[in-house]
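Work through the exercises below with the model open. Try each task before reading its solution.

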Amino acid sequence: MTGFNMSRTDLEKKEIRKIDNKKDKRNKKIRYRVRNFIISAAVILSIMILIVSQKNNFVNDAEAHADIEKYYTSIEIMPGDTLWGIAERYSESYCSIKDYIAEVKSANNLNSDDITAGGYLVIPVYR
C-alpha cells in the first residue's frame with residue numbers, strides 16, 4: 001500500500017505540472033493567434049498594394065493615351081491580307097492586336113476573321 005501513498009511534495013509537483021501544461025496550452029493558442037494575425041495582415045497589405053499599383057497603372061495608361069485621336073479610313077484588301085496582318089500595320093502601339101482586330105470587325109460588321117481580296121475595310125487609325 002505504500003505505492004499509493006504520495007507525499008505532499010509529490011502532489012504539489014503534480015499540480016505544478018498541470019498548471020504548467022495549462023500555461024503551455026494557453027501560450028500555444030496565443031502564439032497561433034498572433035501568427036495568424038500577422039499572416040492575415042500581410043495578405044491584406046499585399047492585396048492593398050496590388051490594388052493601388054493597378055490603379056496607378058490604369059491612370060498612367062489613360063494619361064499616356066489622352067492626346068491620341070482616332071480617325072477612320074478605308075483600305076482595299078490585297079491578296080494575302082489577313083486581319084492580323086492589317087492590325088500589325090495599322091494598330092500602332094496604342095492597343096493590342098487582338099483589341100484592334102475586334103474593333104475592325106465591329107466597324108465592318110464582320111462575324112469571322114475571313115476577308116476577301118478586292119474588298120474594302122474601314123479601319124481605325126490612331127494619331
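The exercises go from the overall fold to single residues.

The model is predicted: local features need pLDDT of at least 70, side-chain atom pairs count only at pLDDT 80 or more, and totals for chains, interfaces and linings use all residues. Residues are numbered from 1 along each chain as its sequence is written, and side-chain values use heavy atoms, with hydrogens and water left out.

**Exercise 1. The fold**

Task: State how many helices and strands the protein chain has, and in what order the elements run.

Solution.
- Step 1. Assign the elements. Helices (H or I, at least four residues) and strands (E, at least two) are DSSP runs, numbered from the N terminus.
- Step 2. Count. The protein chain has three helices and two strands.
- Step 3. Read the order from the N terminus: α-β-α-α-β.
- Step 4. Look at burial. Buried means under 20% relative accessible area, exposed over 50%, partly exposed in between (1.4 Å probe, protein chains only). Of the 127 residues in the protein chain, 16% are buried.
- Step 5. Add the surface. Accessible areas come from the Shrake-Rupley method with a 1.4 Å probe; for residues, only the protein chains shown count as cover. The protein chain exposes about 10,600 Å², and carbon and sulfur atoms supply 57% of it.

**Exercise 2. The core and helix 3**

Task: Find which residues have the most contacts inside the largest nonpolar core. Then find what the buried residues of helix 3 pack against.

Solution.
- Step 1. Set the rule. A nonpolar core is a set of buried Ala, Val, Leu, Ile, Met, Phe, Trp, Tyr and Cys residues joined through side-chain atoms within 4.5 Å.
- Step 2. Apply it. The largest nonpolar core has 13 residues, and those with the most contacts inside it are L83, I86, Y100, V104, I115, L121 and I123.
- Step 3. Trace the suppliers. Helix 2, helix 3 and strand 2 each give this core at least two residues.
- Step 4. Turn to helix 3. Its buried residues are Y100, I101, E103, V104 and K105. They pack against strand 1 (70-76), helix 2 and strand 2.
- Step 5. Take Y100. Contact means heavy atoms within 4.5 Å. Not counting residues up to four places away in sequence, Y100 touches I86, A87, Y90, S91, C95, I123, P124 and Y126.
- Step 6. Compare with the general rule. In soluble globular proteins, nonpolar side chains tend to be buried together.

**Exercise 3. Salt bridges**

Task: Which side chains pair with K70, R89 and K105 in salt bridges?

Solution.
- Step 1. Use the cut-off. A salt bridge is a side-chain nitrogen of Lys or Arg within 4 Å of a carboxyl oxygen of Asp or Glu. The structure holds three salt bridges.
- Step 2. K70 meets E103 at 2.7 Å, N to O. This pair links distant parts of the chain: K70 is in strand 1, E103 in helix 3, 33 residues apart. K70 is partly exposed because its relative accessible area is 40%. E103 is buried, at 19%.
- Step 3. R89 pairs with D81, the closest N and O atoms being 3.0 Å apart. D81 counts as buried, at 17% relative accessibility, whereas R89 is partly exposed at 46%.
- Step 4. K105 pairs with D113, with the closest N and O atoms 2.9 Å apart. D113 has 49% relative accessibility, so it counts as partly exposed.

**Exercise 4. Two asparagines after helix 3**

Task: Is N108 buried or exposed? Is N109 buried or exposed?

Solution.
- Step 1. Place N108. It lies in the loop between helix 3 (97-107) and strand 2 (120-126).
- Step 2. Check its area. N108 is buried because its relative accessible area is 18%.
- Step 3. List its contacts. N108 touches Y120, L121 and V122, not counting residues up to four places away in sequence. A polar atom of the N108 side chain lies 2.8 Å from the backbone oxygen of V104.
- Step 4. Move to N109, in the loop between helix 3 and strand 2. N109 counts as exposed because its relative accessibility is 68%.
- Step 5. Inspect the backbone. N109 has a positive phi of about 50° although it is not a glycine. Most residues other than glycine have a negative phi.

Methods. Polar contact = N/O pair within 3.5 Å; in protein donor to acceptor, adjacent residues only side chain to side chain.
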